[in-house]
Amino acid sequence: MSFSMTRMRAAGLAAALGLAAVLAVPAQAAEHGPELKELDWSFSGPFGMYDRAQLQRGYQVYKTICANCHSMNLMSYRNLGEPGGPEFSEGDVKTLASQAQVTDGPNDQGDMFKRPGRPSDRFVAPFANPQMARAANGGALPPDLSVMAKAREGGPDYIYSLLTGYGEKPDDMQMAPGMHYNEAFPGHQIAMLPPLADGVVPYTDDTPKTLDNYAKDVAAFLMWTAEPKLEERHKLGTRVMVFLFVFAIIMYLAKKAVWKGKHHKAI
Amino acid sequence: MSTSITEDDEDVSRRDVILITAGGFAGVLGVASIWPLLDQMNPDSSAQALATTEVDLSHMERGQAITVMWRGKPIFIRYRTDDEVAAGKDVPLSELPDKVARNANLPDDAPATDENRAAEGKEPWLVMIGICTHLGCIPDGQAPGSNKGEFGGWFCPCHGSQYDTAGRIRKGPAPENMAIPPYAFTGDTKIKIG
Amino acid sequence: MAHQSTYQPSSKLGAWFDERLPIPRMVHGQFIDFPTPRNLNYWWTFGGILVFCLAVQIVTGIVLAMHYVASPDHAFNSVEAIMRDVNWGWFLRYTHAVGASMFFIAVYIHAFRGLYYGSYKAPREVLWMLGVLILLLMITTAFMGYSLVWGQMSFWAVTVITNLFSSLDMLVPGLGTTLVQWIWGGYAVGGPTLNRLFALHYLLPFVIAGVVLLHIWALHIPGNGNPAGIDVRLKSDSLPFHPYYTIKDGFALVVFLLLFAGFVFYAPNYLGHPDNYVPANPLQTPPHIVPEWYFLPFYAILRAIPNKLIGVAALFGAIAILFFVPWLDRSKVRSTTYRPVFKWFFWLFVADCLMLGYLGSQMPEGIYVLLSRLGAIYYFAFFLVVMPVVGMFEKPKQLPGSITEAVLGKEAAAKAEASA
C-alpha cells in the first residue's frame, strides 16, 4: 500500500504540475502580437504602488494630448484626489474640475447649458457621440481610455510600446491611406497620428520633457484609471496572505495533533 | 473526542492549545469576511461625493413655493409673505414641541426661532428638506390651494402632522421640525444647496 | 440515511426539539460521528472545498447583484462602478470572478479523483451521476455569469454558444433557428438575452445547492469510498468524521485559500481575457475568441470536428458520456492503484485533457488541428474502448484484506479481526 501510495502521490503531483503548466499558458498566449517593450513599473509585483508624481504628470499628458480625441467615461474629477491615485489636493481637484465646461440641464427654460465642472462630474468627453468622434477622425473611432490598460495584452507595456512605436515603414509594406506605421500595433497600421513629441507637454516638476517620459507617465496614469484600487488590493493582500500562511501552519499542527497515532502501525 | 490511553497529559494540553488557536483564527477570518458583505450596502463613493444643486429664485413672488431635488430628496423653498413671517415670529418657544432649529447651517443647539429657521439675513426665505419627520412622507402645502394645515404651513397626509409657516412641528406624531439642509445664497436670488 | 446517529440531547429543550424536528440529530449523525474510512488521502478533501466554493460564489454573487444592472447600456459600466465606487466592490467582484476558476480547479480534481479510485462503481452510481449533473449545471452557470460583464468576450461567447443550437437546422430545417431566436428573445443577442441570462444565473446556483444536498445524501448511504477501493468491514476501518476529517478538510481548505487569495490580490485578471475589458460591440468580433480556461478542452473537441452538427454533438457528448461511466467500466476492482494496465490509460487520459485544454487556447490551424483530432479521439476512446476492454482483460493486483491492514499493517488487522 505504502508503495502504491507513493506512486499515487507522485503521479498526482505530476498532474497538479501539468494543470499548473496549462494555467501558466494563458489563453491569450495564442495571440502572437508584436513584441512589446517591458518596463519596470513601480506598481508591478505584490508590493507595487503607484508613483504619485508620475500619475500627476501622466494626467497632464492625458489632459493636454489624449483628451483631445479620447474619452474617459468611467473617471470623475473627484477620483484625482482619492487615496491610491495621483492624490491631487482638494483645491487642485476643484481647479482641475472647474477648467472643464460641463453640459448640464435642462434648465427651467428647457435648455441645456454649460457650467464649470465640479469634482463629482465625469471627465468631459471630447465628442458628444461616437458618430461625431468618427467624423472628426477620418472614420476611426478613438476608443475610451478608462480601462485601456486592462483591455490590451501587455497593459501599460503595450501603451508605452505603442506611443513610442511610431517609425518608418519597411519598404515592402503597403500602407492604407491615412494610416501610420507603428511597430507595437497589431497589423502595424494605426489611424492615430503620432500623438507625442519632445516638449509638447509642460511638466511642473523637473522631469525631462521627452517623448519617452510622456509615454511612460501616461501609461502609468492609464494603469491607475484602469485599476484604481490596486494599492488597496496589494496592501490588504499582504495582510491576508500572512494571516493565511500562519493559519495554514496552525491547521497543519492541529491536524497532526488530532491524527496522532491514527495513521500508522500504532494500535 | 476519543483519546487513546497511551497519550500523556502534556500531549493533550498541547493539542488543546493548538485547536483553540486554530478556532480563533477561523473565527477572525469569518468575522473579517462579514464586514465587506455589510459595508458594500452603504452609500458608495459616487453617492458620497456631495452633489450640489443650484437654484435660480429670480422668478419667485411672495407667497409662492417651489420644490427642487437635492440628493434625491425634495427641497421646499417658500418665499413667505410678511403675514407668514409674523405668524412664525409670534409663537413663543415654549409652545413648540421641538425647541431646536434643526438647521444644518447653525449650531446643533440653536433655538427654533423664526430667524434661525429662515435664510440668514433674508427672513422671508425658508429652505428646508420637505420630508415629514414622522415616517418620511412629503407634506402637502406647497401648491396653491393644497392643505396647509391648522398653522398655515404644511400638513402631512399620511398621519396628520401639522407644521407652521417656519416648518416647525406643532401638532401630530412627528417628533421634530423639518430639517434645513446646508445651503447659501450665492447671489441676490440664487442659492446653492449642499 | 444509512448510518444511525448516536445523538443524545444534552438538555430537556434539546430532547423536546429532537422529537419534533431532529435536525441536530441528523447533523450529529451525518457530520460528527459519521464513520469515515481512516485511509482517505488529501484528494478526498476537495468535496469540502467545493462546498466552500459554492458558498463563496452564492454569497458574493448576491451582493454583486445588489449593484449590477442587467441592461446592454449599463451592464459593463455597472460592473466598473462596482470596481471603483462600491465599498469593497473590487474585492467582491474579483473574489467572484477568481472564485469561478477556483471552483473549476477543485471540481476537476474532485472528478479525476473519482475516476482514478473508481468512485462511480456500485453502489455509488447515483452519487456519480449527480456529480456529473452538478458539473453540467456549473458549466451553464459559469457561462451565464461570464456573459453578464457584457464585454467583447462575453458578447461573442453568448453569440457562439447559443448558435451551437442552430446546428439542429441540419436535422430539421428551421428547428435550430427557431430555438436560437427563442433563447435570444430577438433576432440577435441583445437586451432580452442579457436579462434572461442574469435571471438564470441567479437561479441556477440554488439548483446546484439542491443537487449538492442530494449528492451528499447519496454519499452518506454507502459512505465514502477510499483509496484502497475496498468496503469498510471492521470497526477499526473507520474514524468518526469529526474531529479527524473536519480538521483534515480544514487544513486543506486553508491551503486552497492561500492559492485563491493569491489570485484575488495579486493576479485577479490573470485567468481572464483583456478583450472582456472592451465593452460589447455587436458589429465587431475580436480577432481571436477563446472561452475561459475551464472550457478549453471541450472547445478543442468542438473545433476538432469539421462538421457543425457532429462537432456540437461531440461537445455535448464529451460531458454526456460521463453519465455512463459506471456501466462502461467493467473492472471488478475500484481503485486504479491495483490496476496495473488501466493506470497507464488513466494518466494518458489526464495528459490528453491537459493537451486539449492547451489546444483550445491556440488558433485552429496546422499541427494544432491534427493534435486536437487525436486528442478528441482518445477522449472518447478512453470511455468507450479502454474502460470496457481493459476492465475485462486486466489482472488486478492483490487487494489488502481490510482498510485497517492497508493503514496499520497485517498485525493490527489480525488483532482487529480477532476481536470482531
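**Reading two helices of chain C, with a look at chain A**

In this predicted model, 42% of the 267 residues of chain A count as buried.

User: Happy to start with chain A! What makes a residue there count as buried?

Analyst: Good place to begin. A residue counts as buried if its relative accessible area is under 20%, and 42% of the 267 residues in chain A meet that mark. The accessible surface of the chain comes to about 13700 Å², with 58% of it belonging to carbon and sulfur atoms.

User: And which secondary structure does chain A have?

Analyst: Chain A has 8 helices and 4 strands, and along the sequence they follow the pattern α-α-α-β-β-α-α-α-β-β-α-α.

User: Moving to chain C, why is H3(C) called roughly antiparallel to H9(C)?

Analyst: Let's set the value against the cut-off. The axes of H3(C), residues 46-65, and H9(C), residues 191-220, cross at roughly 155° and come within 11 Å. Angles over 145 degrees count as roughly antiparallel, so H3(C) is roughly antiparallel to H9(C). As for handedness, H3(C) passes H9(C) in a left-handed crossing.

User: Which residues meet there, and what makes them nonpolar?

Analyst: From H3(C) come Leu54(C), Ile58(C), Ile62(C) and Ala65(C). They meet residues of H9(C) including Phe198(C), Tyr202(C), Pro205(C) and Val212(C). Ala, Val, Leu, Ile, Phe, Tyr and Pro are among the types that count as nonpolar, and the contact divides into 11 nonpolar, no polar and no charged residues.

Terms used. Residues numbered from 1 in each chain as written. Chains lettered and ligands numbered in written order. Predicted model: local features only at pLDDT ≥ 70, side-chain atom pairs only at ≥ 80, totals over all residues. Heavy atoms only, no water. Helix = DSSP H or I, 4+ residues; strand = E, 2+ residues; numbered from the N terminus. Buried < 20%, exposed > 50% of the residue type's maximum accessible area, 1.4 Å probe, protein only. Areas by Shrake-Rupley, 256 points an atom, 1.4 Å probe, with all protein chains shown as cover. Axes fitted to C-alpha atoms, helices over the stretch in contact; angles between N-to-C directions. Parallel < 35°, antiparallel > 145°, perpendicular 65-115°, else oblique. Left-handed = near helix turned anticlockwise from the far one by under 90°. Contact = heavy atoms within 4.5 Å.
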